[in-house]
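Student: Could you take a close look at the surface patches and go through the residues linked to them? Please explain each term as you use it.

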Amino acid sequence: MKTLLLLYMGDETVTASAGTERVLTNMANAMVERGYNVIVATNDKTDAVPYFPFDARVHCLYLNVDTKKIPFSVKVKREINRIFPILDKPVEAYRASVSVRKLREQLKMESIDCIIAYNHEAIQVADCSSTE
């Protein structure tokens with residue numbers, strides 16, 4: 001059975017009632033119906049309740065990455081970057097690295113056949129997970 005990892009990173013993703021969340025849920029449910037093993041990974045809190053219901057066979061992985069608390073050193077890099085834009089968004093890079101670490105703790109990344117990213121932050125996580 002092929003395993004799909006659907007990534008949607010950001011603040012309060014599956015609890016929102018917007019279009020991307022609906023597409024994510026519909027795709028996850030449709031792929032499970034077609035026989036895929038589907039894992040949805042988000043930065044939501046571990047007790048998040050999705051606005052759109054997932055099929056019971058969809059494995060939801062809430063990484064609980066606090067997007068508001070970042071280390072002081074990353075904040076300094078962000079402020080320096082505002083004056084001299086030499087870094088590639090230090091806060092987003094930090095959040096991506098935390099998300100990748102949590103994903104690796106909970107998943108065997110080599111068993112994932114396909115990663116589908118739903119936003120820019122998710123692309124960063126997918127990129128980091130394939131290079132680290």
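Tutor: What follows covers two patches, then some single residues, then a pair of rings. The model is predicted, with local features needing pLDDT of at least 70 and side-chain atom pairs counting only at pLDDT 80 or more, while totals for chains, interfaces and linings use all residues. Residues are numbered from 1 along each chain as its sequence is written, and side-chain values use heavy atoms, leaving out hydrogens and water.

A patch is built from residues with over 30% relative accessible area and no salt bridge, joining like charges within 9 Å and nonpolar side chains (Val, Leu, Ile, Met, Phe, Trp, Tyr) within 5 Å. Accessible areas come from the Shrake-Rupley method with a 1.4 Å probe, and for residues only the protein chains shown count as cover. A salt bridge is a side-chain nitrogen of Lys or Arg within 4 Å of a carboxyl oxygen of Asp or Glu.

The negative patch consists of D11, E12, D66 and E121. Asp and Glu count as negative, Lys and Arg as positive, and His and the chain ends are not counted; each charge is placed at CG of Asp, CD of Glu, NZ of Lys or CZ of Arg. E121 belongs to helix 4 (residues 120–131). Helices (H or I, at least four residues) and strands (E, at least two) are DSSP runs, numbered from the N terminus. E121 has 33% relative accessibility, so it is partly exposed; buried means under 20%, exposed over 50%, and partly exposed in between (1.4 Å probe, protein chains only).

The nonpolar patch covers about 680 Å² and is made by F72, V76, I80, I83, F84 and I86. F72 lies in helix 2 (residues 72–83) and is exposed, because its relative accessibility is 67%.

The loop between strand 3 (59–62) and helix 2 holds N64. Most residues other than glycine have a negative phi. N64 is not a glycine, yet its phi is positive, at about 55 degrees.

From D66 in the negative patch, there is a link to V98: their C-alpha atoms are separated by 9.5 Å, with their positions 32 residues apart along the chain. V98 sits in helix 3 (residues 90–106) and is buried, at 9%.

Last come the rings. The whole structure has 2 aromatic pairs. In one of them, Y51 and F52 have ring centres 4.9 Å apart and planes at 85 degrees, so the pair is edge-to-face. Rings of Phe, Tyr and Trp (its six-membered ring) pair if their centres lie within 6.5 Å; planes under 30 degrees apart count as stacked, over 60 as edge-to-face and the rest as tilted. Y51 is exposed at 52%, whereas F52 is buried at 16%.
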